[in-house]
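Okay everyone, thanks for coming. Let me put the structure on the screen, and then we'll walk through it together.

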Amino acid sequence: LNGSPKRELSDTMHITRAFLEGMNETAHQEIHIIHVIDKRIEPCTGCFSCMRNGGTCVHDDDMREILEKILASDLLIWSFPLYCYGMPASLKALLDRTLPLSSMAMQKIGERYEHVGQADFSHLRYLMICGCGFPNSMHNFEPAVAQFKLCFPGNHTIITVPESPMFNAPEAAVVTEPRLALVKQAGKQYAETGRIDA
């Protein structure tokens with residue numbers, strides 16, 4: 001899920017493409033990129049009808065097809081630039097509209113409560129790749145990371161990259177090429193083992 005309004009020109013997509021290249025070195029991956037900005041996704045109204053009627057939302061838009069693709073996937077990559085310490089609005093709208101995957105029933109897991117799923121997405125792994133223009137990671141990515149961990153408490157991996165606008169600057173290649181090589185290596189390791197070394 002490419003959450004950047006810049007589509008292929010996204011600074012963060014340079015990082016995501018390097019990760020996918022690394023995964024493909026291990027084994028061929030069937031990759032479907034959804035540029036969220038191009039999709040018609042109405043905002044969630046919080047009516048909860050989807051949670052009461054088997055997962056059907058009152059909105060008839062592109063989310064129905066997106067939810068089908070999500071459930072058919074093994075890995076869901078959330079690739080986005082940091083906007084106001086979170087994800088861009090179009091991607092947040094998509095996240096809100098995953099509500100049809102949940103039911104009104106709740107269960108306690110550890111110290112928190114979660115909605116019981118209406119669909120089986122236990123096979124899914126989640127990866128967040130987030131870039132920002134700030135020169136460091138401290139006190140920048142924490143809100144986005146916290147939200148991602150709460151939304152996907154199990155089976156998640158998170159990559160955050162500061163100074164990501166450099167990936168769109170050819171004159172910064174002396175800095176960006178070694179970073180992209182590390183991200184590519186991370187993708188290869190993830191495809192082989194399902195994890196990434198610190």
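Let's start with His139, which is exposed because its relative accessible area is 65%, and the cut-off for exposed is over 50%. Before I go on, keep in mind that this is a predicted model. So where does His139 sit? You'll find His139 in the loop between β4 and α5. Its backbone has a quirk too: the phi of His139 is positive, near 60°, and this residue is not a glycine.

There's another residue with that kind of backbone. Asn155 isn't a glycine either, and it has a positive phi of about 65°. Look for Asn155 in the loop between α5 and β5. Is Asn155 buried, exposed or partly exposed? With a relative accessible area of 44%, Asn155 counts as partly exposed.

Okay, on to the strands. Three of them, in the order β1-β4-β5, make an open sheet, and the pairing is parallel. Now, which strands stand at the edges? Those are β1 and β5: each has a single partner strand, so one side of each is left without a neighbour in the sheet. As for the angle, neighbouring strands in this sheet are turned by 10° against each other on average, if you ignore direction.

Zoom in on one of these pairings. Between β1 and β4 there are 7 bridges, in the parallel sense. If you'd like a spot to click on, take Ile77, whose bridge partner in β4 is Leu127. A general point while we're looking at strands: in a regular strand, the side chains alternate between the two faces of the sheet.

There's also an antiparallel pair to look at. Strand β2, residues 102-109, is joined to strand β3, residues 112-117, by 5 bridges, and the two run antiparallel. One example is Lys108, with Tyr113 as its bridge partner in β3. Together β2 and β3 form a hairpin, with 2 residues between them. In that turn you'll see Gly110, with a positive phi of about 65°.

Now for the aromatic rings. How many aromatic pairs does the structure hold? The count is 5. Take Trp78 and Phe152: their ring centres are 5.5 Å apart and their planes are at 40°, so this pair is tilted. What I like here is that the pair links distant parts of the chain, 74 residues apart. Trp78 is in strand β1, residues 75-81, while Phe152 is in the loop between α5 and β5. And Trp78 is buried, because its relative accessibility is 1% and the cut-off is under 20%. Phe152 is buried as well, with a relative accessible area of 11%.

Phe152 has another partner, Tyr126, and that aromatic pair is stacked, with 4.2 Å centre to centre and 20° between the planes. This pair also links distant parts of the chain: Tyr126 belongs to strand β4, residues 125-131, and the two residues are 26 residues apart. Both Tyr126 and Phe152 are buried. Put it together and you get one aromatic cluster, formed by Trp78, Tyr126, Phe148 and Phe152.

Let's move to helix α6, residues 173-193. With 21 residues, α6 reaches 29 Å from its first C-alpha to its last, close to the 30 Å expected at 1.5 Å a residue. Which residues of α6 are buried? They are Thr176, Val183, Ala186, Gly187 and Tyr190. These buried residues cover an arc of only 100° around the axis, which puts them on the same side of α6. It helps to remember the general rule here: an α-helix has 3.6 residues a turn, so residues three or four places apart point the same way.

What do the buried residues of α6 pack against? They pack against α1, β1, β4 and β5. Swing round to the other side of α6, and there you'll find Val174, Glu177, Leu182, Gln185 and Thr193, which are exposed. Right after the helix comes Gly194, with a positive phi near 80°.

One last stop, in helix α5, where we find Gln147. Gln147 is partly exposed, at a relative accessible area of 24%. Leaving out residues up to four places away in sequence, Gln147 touches Met87, Lys92 and Leu95. And if you want to get from Gln147 to Thr193, that's 46 residues in sequence and 25 Å in space, C-alpha to C-alpha.

That's my tour, so over to you for questions.

Conventions: Residues are numbered from 1 along each chain as its sequence is written. This is a predicted model: local features need pLDDT of at least 70, side-chain atom pairs count only at pLDDT 80 or more; totals for chains, interfaces and linings use all residues. Side-chain values use heavy atoms; hydrogens and water are left out. Rings of Phe, Tyr and Trp (its six-membered ring) pair if their centres lie within 6.5 Å; planes under 30 degrees apart count as stacked, over 60 as edge-to-face and the rest as tilted. Helices (H or I, at least four residues) and strands (E, at least two) are DSSP runs, numbered from the N terminus. Buried means under 20% relative accessible area, exposed over 50%, partly exposed in between (1.4 Å probe, protein chains only). Two strands pair if DSSP finds at least two bridges between them. Axes are lines fitted to C-alpha atoms, for helices over the stretch in contact, and angles run from 0 to 180 degrees between N-to-C directions. The expected span of a helix is 1.5 Å times one less than its number of residues. The arc is that of the directions from the helix axis to the C-beta atoms. Contact means heavy atoms within 4.5 Å.
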